[in-house]
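Here are a few exercises to work through with the model open beside you. Try each task before you read its solution.

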Amino acid sequence: MKIQEFFDPATYTLTYVGFDPNTKDAVVIDPVLDYEPQGSSVSYGSAAKVLHFLDKEGLRVHYIMETHAHADHLTSAQYLKKTLPSAKTVIHENIRMVQSTFKDVFHFGDDFDTHGKAFDLLVKDGDQINAGSLSIGVIHTPGHTPACVSYLVNDQVVFTGDALFMPDFGTGRCDFPKGCAKDLYHSVHNKLYELSDHVKVYVGHDYQPGGRDLQFCSSIGEEKTSNIQLQAKTTEDEFVSFRTQRDKTLMAPKLLLASIQINIQNGQFPPKEENGVSYIKIPIRGEV
């Protein structure tokens, strides 16, 4: 199989197209919708690049796969589906837990979906998905969120989302609602690190520490020996202590409040109101 990456520098996000150049079978992983928060406007340049590549290569997309409900960018799954109507959207079944949690955070009404109905396919740990010649294993890797999954394709490459980053950056944060550093330790140490050392790791973000050039691919072997936060020799207590202290220093992602509302509904925006405008809710912290 081949992999084409698309990097969004505004959110440091990697979108991937994994495909078989012979059969033209393909999947899209973590597509980005461009969102400008100051004017609260959306555009489709990032998604258009993906669609152009798919068309140029003559690829047949079976699935649009989310590694989790992202808190730092909006998904373009719905925009892609307009051009790729046969492609099914995929996320872990624990999205229902995430939906229920944020329904309370945003005080959504009783008609707000908390059953994952907005997604075409809810998967669980150990599921096997066939996308033509591509065989995709589902590895539940919670910790960053309870609905995080990694996708192992043809036993050759694994897309880790926000569970595992490049060795010089470490792992995802665990301070979102229902996040858990202990869970992330077991997801990485006891699941991902049990894969063969030669399996290539494709990460969900690259924050380019120190201003280095973009990097997005490592290997399980490299991660086990060189990840600055979690190596094969790292103990659970060491990681949980580090991750907990580290997360206390982090600010919320800039697009958190907008992106999570849209992403837990598979990229669907709230219904337009009488004036033809769709609105995102922003809770106010502190006394007003």
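## Exercise 1: a hairpin and its sheet

Task: find which residue in S11 is the bridge partner of Ile129, then place S10 and S11 in their sheet.

Solution. Step 1: go to S11, where Ile129 has Ile136 as its bridge partner. Strands here are DSSP runs (E, at least two residues), helices are DSSP runs too (H or I, at least four), and both are numbered from the N terminus. Before going on, note that this is a predicted model, in which local features need pLDDT of at least 70 and side-chain atom pairs count only at pLDDT 80 or more, while totals for chains, interfaces and linings use all residues. Residues are numbered from 1 along each chain as its sequence is written, and side-chain values use heavy atoms, with hydrogens and water left out.

Step 2: look at the pairing. S10 and S11 run antiparallel over four bridges; two strands count as paired if DSSP finds at least two bridges between them. They make a hairpin with two residues in between, and Gly132 in that turn has a positive phi of about 65°.

Step 3: follow the side chains of S10. Ile129 and Ala131 point to one face and are buried, whereas Gln128 and Asn130 point to the other and are not. Buried means under 20% relative accessible area, exposed means over 50%, and partly exposed is in between (1.4 Å probe, protein chains only).

Step 4: move on to the next strand. S11 (residues 134–140) also pairs with S12 (residues 149–153), antiparallel over five bridges, and Gly137 stands opposite Leu152 there.

Step 5: zoom out. The sheet is open, has six strands in the order S10-S11-S12-S13-S14-S15, and its pairing is mixed. S10 (128–131) and S15 (217–219) are the edge strands, each pairing on one side only. On average, neighbouring strands are turned by 30° against each other, direction ignored (axes are lines fitted to C-alpha atoms, for helices over the stretch in contact, and angles run from 0 to 180 degrees between N-to-C directions).

## Exercise 2: a residue in S14

Task: is Val203 buried or exposed, and which residues does Val203 touch?

Solution. Step 1: Val203 lies in strand S14. Step 2: its relative accessibility is 0%, so Val203 counts as buried. Step 3: leaving out residues up to four places away in sequence, Val203 touches Leu14, Tyr16, Thr160, Gly161, Leu164, Phe165, Met166, Gln215 and Phe216; contact means heavy atoms within 4.5 Å. Step 4: check a distance as well: Val203 and Phe159 are 44 residues apart in sequence, yet 6.1 Å apart in space, C-alpha to C-alpha.

## Exercise 3: two covered helices

Task: how many residues of H7 are buried, and what do the buried residues of H7 pack against?

Solution. Step 1: H7 (residues 256–263) is mostly covered, with seven of its eight residues buried. Step 2: these are Leu256, Ala258, Ser259, Ile260, Gln261, Ile262 and Asn263. Step 3: they pack against strand S4 (32–36), strand S7 (74–75) and helix H3 (95–106).

Step 4: now try H4 (residues 181–189), whose buried residues are Ala181, Leu184, Tyr185, Ser187, Val188 and His189. Their cover includes S11 and helix H6 (236–247).

## Exercise 4: salt bridges

Task: which parts of the chain does the Lys224 and Asp197 pair link?

Solution. Step 1: start with the total, twelve salt bridges. A salt bridge is a side-chain nitrogen of Lys or Arg within 4 Å of a carboxyl oxygen of Asp or Glu.

Step 2: Lys224 and Asp197 meet in one of them, at 2.9 Å, N to O. This pair links distant parts of the chain: Lys224 sits in helix H5 (residues 220–226) and Asp197 in the loop between H4 and strand S14 (200–203), 27 residues apart. Asp197 is partly exposed, at 43% relative accessible area. In addition, salt bridges that share partners join Asp168, Asp206 and Arg212 into one network.

Step 3: set another pair beside it. Asp175 and Arg173 form a salt bridge with their closest N and O atoms 2.7 Å apart. Asp175 is partly exposed at 35%, while Arg173 counts as buried at 14% relative accessibility.
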